[in-house]
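Hi,

Here is the structure I promised to pass along. Have a look at it first, and then read my notes on the strands and helices below.

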Amino acid sequence: MDLYTSGHRRGVAAAPHAAAAEAGRLILAEGGNAIEAMVAMAAVIAAVYPHMNHVGGDGFWLVRERSGKVRAVMAPGRAGANARRELYRDHEAIPARGPLAALTVPGAVSGWALALEAAKAQGGRLPLSTLLEPAIRHARDGYVVTRSQAALTAAKLAELKDVPGFAAAFLADGKAPEAGATLKQPAFAATLDQLAHAGLTDFYRGDVAREIAADLERVGSPVTRADLEKHKAYVAEPLTVAIGTGTLYNAPPPTQGIASLIILGLFDRLGVREAEGFDHVHGLVEATKRAFLLRDRLVTDPDRLPAPPERFLDPAWLDAEVTRIDRRKAAKWPAPYGEGDTVWMGAADHDGNVVSYIQSIYWEFGSAVVLPSTGVLMQNRGASFSLDPKALNALAPGRLPFHTLNPALAVLRDGRVMAYGTMGGDGQPQTQAAVFTRHVHFRQPLAEALDAPRWLLGRTWGSTHTNLRLESRFSAGVVDRLLSAGHDVEILDESYSDTMGHAGAVVLHQNGTLEAGHDPRADGGAAGV
């Protein structure tokens, strides 16, 4: 599948796995809208890219409707009723793997259901069975293990292999599968088939919920059937910031969407004139530092926010904050930490519906707990809670954890609508900023903006490094200037590194044409009709 496509009139889709992009294209070709296409893509990506996401995780949507209204569909799961600090008294921190890591309700499927209500309001008519059929087929008949799944399974094998359900689902004779091998998820296929006929709410309040709850209790997870029954996705107002090129949208807390908006709000005020030079990279890195410092003081369960997020997107606050950035020197960096494995996908249709969606199980393979009756791979998003009762994100039953997830969308002054995003924990806001500034500020073609070399400040993907890492394709002149400015620079051996995220974008043009692109660092692409 091509990484870039353009000139389409009916719809486009972009995803980090080719099968997901193709599922979106098929739904659009059958007359489905962008929201319906995204539900099909979300199900397929769980079936073919399980190291990055699954239905045991959470999801966040930004949906731009044909009326121009932008809505956030929020589907995070709360900590289970039994997720009390006493349960972890023998641990210094919440374990990253195993049943005690599987401590939050899986929210993603509830987000699909709520998004489909919006799809129907936009004229969507395709039955759920049609939307889920491609995913059922991939899970039942088998999917081909990607390079990234093979590599991550091998790298993390010691901490994954003994977790309940993992070996049976994702190992081959007790070993990490080779890239190109075929694996099946028969229990997951049966679950999707049940949902296709009984409806998505069955996941929380039906036969599937009963099986999920029984398996969670059996392995010792703090999540109960009552937690599943109480869970609901919800619609929220997205956060927005206005910059010179248009209005940017992102998801509100508990996501770090505010950090992504602050970075671009500050960079816009720096007035950088050229791409790829020192001013471009240094400006975005320093804006990231300012944004992350605020994020780590602010973002938590929306019911516990210490201040309204909108305050920090106000022009006066951004005007004052940008003066704290030194245009020539790097600020000292305390290195916040956020790691994660996630998928971003986008879709757009001829009616003007544009979708930015992100689905995640947090770390690679999440908690690694695979529930045998349903094939659901549970996330470990709750590992981001703190056992310190005074912490901003302190563990408590019913509380929402901090999310690195944040889908992005922009309505530009030139009439374009752009949905964009990436996976990559703390790298998400940084990669979003790199792609957006290259394509929108500096008018690079979309495929070029996604391909261009990227950087990452801070830790992600299990790295112990807190420095500024760059792909090897940056010019020596830029690297020298970054070093001279005081940045702790590390040049990676790789010219295209998974560390830098798997980014993508879809664009609806004012004349009705559509384009889409995805990252050469991933296993996906873009397709349209």
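Let me start with a helix. Helix 17 (residues 476–484) lies across strand 17 and strand 18, and its direction makes about 155° with that of strand 18. Please keep in mind that this is a predicted model.

Strands 17 and 18 belong to an open sheet of three strands, with the order 16-17-18 and mixed pairing. At its edges are strand 16 (455–457) and strand 18 (489–491), each of which pairs on one side only. From one strand to the next, the twist averages 20°. Strand 17 (residues 468–470) is joined to strand 16 by three bridges in the antiparallel sense, and Leu457 has Leu468 in strand 17 as its bridge partner. A further helix, helix 13 (residues 278–298), lies across strand 16 and strand 17 and runs at about 30° to strand 16.

Now to another sheet. This one is open and has seven strands in the order 1-20-19-15-14-9-8, with antiparallel pairing. Which strands stand at the edges? They are strand 1 (4–8) and strand 8 (239–243); each has a single partner strand, so one side of each is left without a neighbour in the sheet. The average twist from one strand to the next is 15°. Helix 15 (residues 427–441) packs on this sheet, where it touches strand 8, strand 9 (246–250), strand 14 (408–412), strand 15 (417–421), strand 19 and strand 20. The direction of helix 15 makes about 150° with that of strand 15. Within the sheet, strand 19 (residues 504–508) and strand 20 (residues 514–518) are paired over five bridges in the antiparallel sense. There, Gly504 has His518 in strand 20 as its bridge partner.

Finally, a strand you may want to click through residue by residue. Is strand 2 (residues 11–15) enclosed or open to the outside? Five of its five residues are buried, that is, under 20% relative accessible area, so strand 2 is largely enclosed by the rest of the structure. In general, side chains in a regular strand alternate between the two faces of the sheet. In strand 2, Gly11, Ala13 and Ala15 point one way while Val12 and Ala14 point the other way, and all are buried. Strand 2 pairs with strand 21 (residues 525–528) in the antiparallel sense, over four bridges. Opposite Ala13 stands Ala527 of strand 21.

Happy to talk it through whenever suits you.

Best wishes

Conventions. Residues numbered from 1 in each chain as written. Predicted model: local features only at pLDDT ≥ 70, side-chain atom pairs only at ≥ 80, totals over all residues. Heavy atoms only, no water. Buried < 20%, exposed > 50% of the residue type's maximum accessible area, 1.4 Å probe, protein only. Helix = DSSP H or I, 4+ residues; strand = E, 2+ residues; numbered from the N terminus. Pairing = 2+ DSSP bridges. Axes fitted to C-alpha atoms, helices over the stretch in contact; angles between N-to-C directions. Contact = heavy atoms within 4.5 Å.
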